[in-house]
Amino acid sequence: MKSKNYALKIILIILVIINTKFFSTYSLQLNSSAVNNSPQILYNKSEPIENIDNRVFSRGGINDSINLYHEKMEAVQVFNSGSKKLYITSNDIELMSKVVYKESRGEPYEGKVAVASVILNRAVNPKFPGTIEGVIKEKNAFSCVVNGKINANPDESCYKAVMDAISGTDPTNNAIYFYNPKTATSAWMKNVNKLNSKSIGNHIFFNK
C-alpha cells in the first residue's frame, strides 16, 4: 500500500513539473508575440526623440490613421524647413543621389550639396510637388530623368552630399533653380530675372 502511495506521489510530482514547464513556455511565447505586435515608433537619428510627434502607429489595420501617415512610417530622415517637415524615404535619398550624380559630375563637392539643396527647397515650396519623388519626376524639371527613370550609379560623394543637404547645409541661399550658363539652351533660364543668385562651380543657383 505504501509503495502505491509513493508511486502516486512520484507521478503527481512529474505532472506538476511538466505543467510548470508548459505554462512557462506558453507565457514566453505570449510575451514574444506581444513585443512583435507592439506599436512601432519612428524617429530620425539627427532629430531629438523628444521632438518627434505622431510617430506611433498600430499594426494590422487597427488604427485607420496608418494610411494617412504611411509616408512618415517609411521615412528614414526628416528635413526641417521653418515650420514644415519633409519626411524622406530611402528611395528619395537614392533618387536625389542619382540626380546629384548626373547634374554635378565634375563639380566641386559644394556644388553637389547645392544640387541636393535645390531639390529639397522645391519640395517644401508650394509652387512645386510636395515630395522628393514628385519634384524629381516633374515634367522637364531635370534633363537626366527620362520616362521617370534616371540611369545613374551615384558614388559615395553623391550620397554624402545628399545627407549633408538633408542635415541643413544649403550653400545656395535657398535657391530653387540652377543652370550652367555655358551649356544652357533654355531661353527662359538665360533671360529670367534672377534673385539671390550665387555661382558655385559651373552652375548659377537662384530664385525668381
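At what angle do the axes of helix α5 and helix α7 cross, and within what distance do they come? I took this question first, keeping in mind that the model is predicted.

**Entry: α5 and α7.** I looked up the two helices, α5 at residues 109–123 and α7 at residues 156–166, and found that their axes cross at roughly 55° and come within 8 Å. I noted α5 as oblique to α7 because the angle falls outside the ranges counted as roughly parallel, roughly antiparallel or roughly perpendicular. The crossing of α5 past α7 is right-handed. I then listed the residues that meet: on the α5 side they are Y109, K112, V113, A116, S117 and L120, and on the α7 side S157, K160, A161, V162, D164, A165 and I166.

**Entry: α4 and α7.** I turned next to helix α4, which spans residues 90–103 and packs with α7 at an angle of about 115°, the axes lying 8 Å apart. Here too I recorded a right-handed crossing, with α4 passing α7. From α4 the contact draws on I93, E94, M96, S97, V100 and Y101, while α7 contributes C158, Y159, V162, M163 and I166. I marked V162 and I166 of α7, since they appear in the contact with α5 and also in the contact with α4.

**Entry: the loop after α7.** Which residues in the loop between α7 and β5 did I check for phi? I checked N173, which lies in that loop, with β5 at 177–179, and N174, which lies in the loop as well. Most residues other than glycine have a negative phi. N173, although not a glycine, has a positive phi of about 60°, and N174, also a residue other than glycine, has a positive phi near 65°. I noted that N173 counts as partly exposed because its relative accessibility is 44%, whereas N174 is exposed, with a relative accessible area of 54%.

**Entry: the β3–β4 hairpin.** I followed strand β3, residues 77–81, to strand β4, residues 84–88, and found them antiparallel and joined by five bridges. Q77 has I88 in β4 as its bridge partner. Two residues stand between the strands of this hairpin, and in the turn G82 has a positive phi of about 65°.

**Entry: the whole chain.** I closed with the totals for the protein chain, whose secondary structure comes to eight helices and seven strands. The chain has 208 residues, of which 35% count as buried, and its accessible surface comes to about 13100 Å², with 54% belonging to carbon and sulfur atoms. Among contacts between residues at least 6 apart in sequence, I recorded that 57% join residues at least 24 apart.

Definitions and conventions. Residues are numbered from 1 along each chain as its sequence is written. This is a predicted model: local features need pLDDT of at least 70, side-chain atom pairs count only at pLDDT 80 or more; totals for chains, interfaces and linings use all residues. Side-chain values use heavy atoms; hydrogens and water are left out. Two strands pair if DSSP finds at least two bridges between them. Helices (H or I, at least four residues) and strands (E, at least two) are DSSP runs, numbered from the N terminus. Buried means under 20% relative accessible area, exposed over 50%, partly exposed in between (1.4 Å probe, protein chains only). Contact means heavy atoms within 4.5 Å. Accessible areas come from the Shrake-Rupley method with a 1.4 Å probe; for residues, only the protein chains shown count as cover. Axes are lines fitted to C-alpha atoms, for helices over the stretch in contact, and angles run from 0 to 180 degrees between N-to-C directions. Angles under 35 degrees count as roughly parallel, over 145 as roughly antiparallel, 65 to 115 as roughly perpendicular and the rest as oblique. A crossing is left-handed if the near helix is turned anticlockwise from the far one by less than a right angle, and right-handed if clockwise.
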